[in-house]
Structure formats: C-alpha cells, structure tokens
Amino acid sequence: MGIGSYLASRVTSLKPPMTPVSNPLKLMRLLNREQWLFFAVAWCAWVWDAFDFFTVSLTLTQIAKEFKKTNSDITWGITLVLMLRSVGSFVFGLWSDRAGRKWPFIFNNVLFIVLELAAGFCQTYEQFLACRALFGIAMGGLYGNAVATALEDVVPEARGILSGLFQAGYPAGYLLATAFSRALVDTTPHGWRPLFWFGAVPPVLIIVFRMMLPENRSWRERERPYSEVSKTSTFLHDAKVAVQRHWLTIIYMVILMAGFNFMAHGSQDFYPTMLVNQYQFNVNNLTIVQVVANLGAISGAIIVGHLSEVFGRRLTIMVSCTLGGLLLYPYTFVSTNAVMASAFFLQFFMQGAFGVVPTYLIELSPNALRAFIVGTAYQLGNLASSPAATIQATIGEKYYPLSPTATGVSRYNYAIVICAFLGACFALVIILAFLGPEKKGRELQENDAARDEETGEKGGQFAHMESV
C-alpha cells in the first residue's frame, strides 16, 4: 500500500467495528487462574512503578526547601527519570524477549528497593539527582515486560477491559502515593524521606509473588521449537526481520507515545505545585483534589479501555482526548475546591485514552520483540516528554510572575502555561491517532501464520501499517 492510499483510508478505517458490548465480568471470567496471576503480578509492579515516580512530584516543595533549590531545579529529578527510562527499556526489553519475562522483572524490582532507600538517605542535591537518574533506568525496564506479562496470554475479547485495568494501575499508584504522602511526609522529624523509605517495601512482596510463577505461556511456546543452541540465532534473525518489516510502525508508536506522555506528565507532574503555589491550597485540600482526580483516572482507564472493543482503538482515543480538551480551562483556572470536579473528568478522559494504549501497542508490535518494542516505544516517548515539568516551571517563573504571599514566597501563574501546554498535547494525540494503523483483535499467540506475517516480504512500504 502506498502512502497516498494509506492516508485516504484513514477516514474509512475509523468506522467503529461495533462489536456487541459484553459484560466485563463475563469477559474477565474467560481468563484462567494462571492468566489472572500473571496479570496481577504485572499490575502490582506497574502500580508501584507509578508510586515511586510520583514521590518526587508530591514532595517537590519540601525537597527544594531542604536542598535550598528552586522548584524548577527539583523538577530535574522528574526529568532525569523520564530521560533515562529509554535506556532501561532497551536493556531490559531485549533481555526479556531473549531470556524470558521472569528474571528481568525480578531484577527490576530489586533495583527499585535499592534506589528508593538510597534516595531517602541523600544528603545533597547532586546525590538526589544521581539516585533519580539511576532510578529512571530501573523504571524504564519494567513497562514493556509488565505489559507483555499481563496481556499477551489473554483472549482477544478481554484485551480492552484488561488493558484499561492495567493502565488504571498508574493512577492507582498516584493515588497511593498521595495517601501515603499525607501520612508520612512532614509527620516525623525526617520530613519527606519516609515516603521514599516506605516505597522500598512492597517490591519485596512483588518479587516473592513473581518467583512463584513460571514464564508466560506465549513466551514458552515461542521458545519450545528451538534447541538451546539455536535460540540465540533464531531470536536475532526474527528480531532483525521484525525491525525491517515493521520499522515504520515502530517509529509511529514512538511518536504517539511522545504525545501521550507529554499529555499525561503535563497534566500531573507539576499540577500539585500549581495548586499549592498559585492557589495556596493547603495539604488537606491538595490531597482531596489529587484523590478525586485519580479516582477519575482509574474509572476512565477501565471504562474507556473496555469501550475500545466496541468503537475501535483509534476512534476511542480521539473522542476521549477531545472531551478531555474541553475541560482544560476549569482544570487550570478554577481556584477553589470546586476544581476537583473538572480534575475528576479531565483525568477520566485523559487516562481513558491512555487505557487503550497497552493493548493498542501490543497489537501493533511484532511477536519476536514484543516486550522490547512496547517498552522502548513507551519510554522513548517518555524521553521526548521528559522536560514537561521543567518547561512548565521555567516558563511560569520567567514570564508569568504573580504577587508574592504574605510571607514573601514567590508565586507564578502556572495555570496559563499548563492550559496552553495541554491543549497542544491533546491536539497532537488526536492527529496521531487519526493517522495511525489499527490491528484490533490481532492474534498474539505464536503460530506459523503469525510468524509468516512478521517475516514475510509482501506488500509495499505501508503494508504492515494497513488496518485489519
């Protein structure tokens, strides 16, 4: 398929498949015990990945005060994590596809334990940035492995609802971080540090959980036909052909995830600082808004992810982003507790669109490099979006100063920056979803037809991006 024919097909390919709506509980009963255990351990790890990430966002002002730095200085602790995630996705993704999902997953969680403890003991700004940089590598290795562990064995009919459930782990982690931040930060003589120390505990349980499970069935079936001697050469051959065959789809996935991650991090990472600095929210009010917003995000990811089975992946993303964009003004310019209503619904639609992402990426990815490509596409998107919080902080501090507080604390109009920033992000994701391919319901289990599809040479430049 040539580029002209492909672009002409983008409108017609948006026609909803209108798959009959199934009872989500009935769909979830299609999973067997082993599939549920794989999903559960991957979901737990993804939840704690989010918890660990947001520890900095929720303690940013306290860390800045202790290290005698500005808020924009501390946002580098967020930026470095996002920048270096792609390194982890590259290393751990290849390891997961070559040697199995289990041990890279376990090692990831060991790193979480070590680096969360280390961050809590940092005595200088430079030590803190070094810990967060290394933490970015560890966090980057988890996503692709977790998505593959959670979804590659499940039946196609249940992918939409389970994709939403999986993605809901991200706001669930944020919700837990918000709750434990209220309980642990500034309630002891150690200030913000207990939140990081606590973050090192649950990965111990996740490691024990994963050690009790075998490798995924899909990975076992893909490896079974080959002897130990031939596995490496077969993997390298399949990986090379998959990249040659699907390079355009891979580039599209990276660009799409850049848009999604700009949208997500632009709406979340610096938002608590805006509420505290610009609108003078106290700790209790901030906690309430964050909890309500994340409840919206959790429900949106599950509901919208399920609806993508009815309306298709791309159309669902586009509609959800459009509705989220309509809520940008109240999300950023309402200065009272009433902002929680717009926060709930904006996060409902934003994370709703994101709830489609895990199954959308896994359906577009070739089998031979599933964990590597899903993880690397997601984390390269994070790399592109890594300056989001720093950009928002820097522009607000440079161009939109406000009158200081009665105690002399500098204030800035971060709302106008966040609103404009997110408007551009929503528009970008809508355009990218319109232009993209769709392979809803694609078979993920390894078989001859699937291998032929990945290693075949038929079709033009855009053949592998054609909707099915």
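## Helices, rings and enclosed spaces in a predicted model

The buried residues of helix α21 are V357, P358, T359, Y360, L361, I362, E363 and L364. The structure is a predicted model. Helix α21 spans residues 357-364, and eight of its eight residues are buried, so the helix is mostly covered. Y360 is found in this helix. Its relative accessible area is 1%, under the 20% limit, and therefore Y360 counts as buried. Y360 and R313 are 47 residues apart along the chain, while their C-alpha atoms are separated by 6.6 Å.

Helix α20, residues 339-355, has 17 residues. From its first C-alpha to its last it reaches 23 Å, close to the 24 Å expected at 1.5 Å a residue. Of the 17 residues of α20, 13 are buried, so this helix is largely enclosed by the rest of the structure.

### Loop residues

Three loop residues can be set side by side.

| Residue | Loop | Relative accessible area | Class |
|---|---|---|---|
| K68 | between α4 and α5 (71-74) | 72% | exposed |
| Q280 | between α16 and α17 | 46% | partly exposed |
| Q123 | between α7 (102-120) and α8 (125-140) | 55% | exposed |

What is the phi of K68? It is near 60 degrees, a positive value in a residue other than glycine. Q280 is not a glycine either, and it has a positive phi of about 60 degrees. Why is Q280 partly exposed? Its relative accessible area of 46% falls between the limits of 20% and 50%, so it belongs to neither the buried nor the exposed class. Q123 has a contact across the sequence to report: Q123 and F67 are 56 residues apart in sequence, and their C-alpha atoms are 8.2 Å apart in space.

### Aromatic rings

How many aromatic pairs does a search of the whole structure find? The search finds 35. One of them joins W48 and F51, whose ring centres are 4.1 Å apart. Their planes lie at 10 degrees, which is under 30 degrees, so the pair counts as stacked. Both residues lie in helix α3, residues 33-58. W48 and F51 are three residues apart there, about one turn of the helix. Are W48 and F51 buried or exposed? Both are buried.

Ring pairs also link a cluster made up of W46, F53, F54, Y143, F166, Y170, Y174, F260, F354 and Y378.

Two arginines are placed over aromatic rings. The charged end of R10 sits over the ring of Y6, 4.0 Å from its centre. R132 lies over the face of F135, at 4.8 Å from the ring centre.

### The largest pocket

The largest pocket has a volume of about 860 Å³. It is lined by 33 residues, and the closest to its centre are L60, T61, Q62, N71 and V276. Which helices each supply at least two residues of this lining? They are α3, α4 (60-67), α11 (169-184), α16 (271-277) and α17. Among these, α4 gives the most, with five residues. By residue type, the lining of the largest pocket divides into 12 nonpolar, 16 polar and five charged.

### The second largest cavity

A search of the whole structure finds four cavities of 30 Å³ or more. The second largest cavity has a volume of about 60 Å³. The elements that give two or more residues to its lining are α15 (228-268) and α17 (283-311). The lining of this cavity consists of Y174, S267, Q268, Y271, Q290, A293, N294, Y331 and Q347. Helix α17 provides the largest share, three residues. Four residues of the lining are nonpolar, five are polar and none is charged.

Some names recur across these sections. Y174 lines the second largest cavity and is also part of the cluster of linked rings. Helix α17 gives residues to the lining of the second largest cavity, and it supplies at least two residues to the lining of the largest pocket. Helix α3 holds the W48 and F51 pair and likewise supplies at least two residues to the lining of the largest pocket.

Key: Residues are numbered from 1 along each chain as its sequence is written. This is a predicted model: local features need pLDDT of at least 70, side-chain atom pairs count only at pLDDT 80 or more; totals for chains, interfaces and linings use all residues. Side-chain values use heavy atoms; hydrogens and water are left out. On a 1 Å grid over the protein atoms alone, a cavity is a set of points where a 1.4 Å probe fits but cannot get out, and a pocket is an open set with protein on both sides within 12 Å along at least five of seven lines; lining residues have an atom within 4 Å of a point. Grid points are joined across faces, edges and corners, and a volume is the space filled by probe spheres set on the points. Helices (H or I, at least four residues) and strands (E, at least two) are DSSP runs, numbered from the N terminus. Ala, Val, Leu, Ile, Met, Phe, Trp, Tyr, Cys and Pro count as nonpolar, Asp, Glu, Lys and Arg as charged, and the others, Gly among them, as polar. Rings of Phe, Tyr and Trp (its six-membered ring) pair if their centres lie within 6.5 Å; planes under 30 degrees apart count as stacked, over 60 as edge-to-face and the rest as tilted. Buried means under 20% relative accessible area, exposed over 50%, partly exposed in between (1.4 Å probe, protein chains only). A charge sits over a ring if NZ of Lys or CZ of Arg is within 6 Å of the ring centre and within 35 degrees of the ring normal. The expected span of a helix is 1.5 Å times one less than its number of residues.
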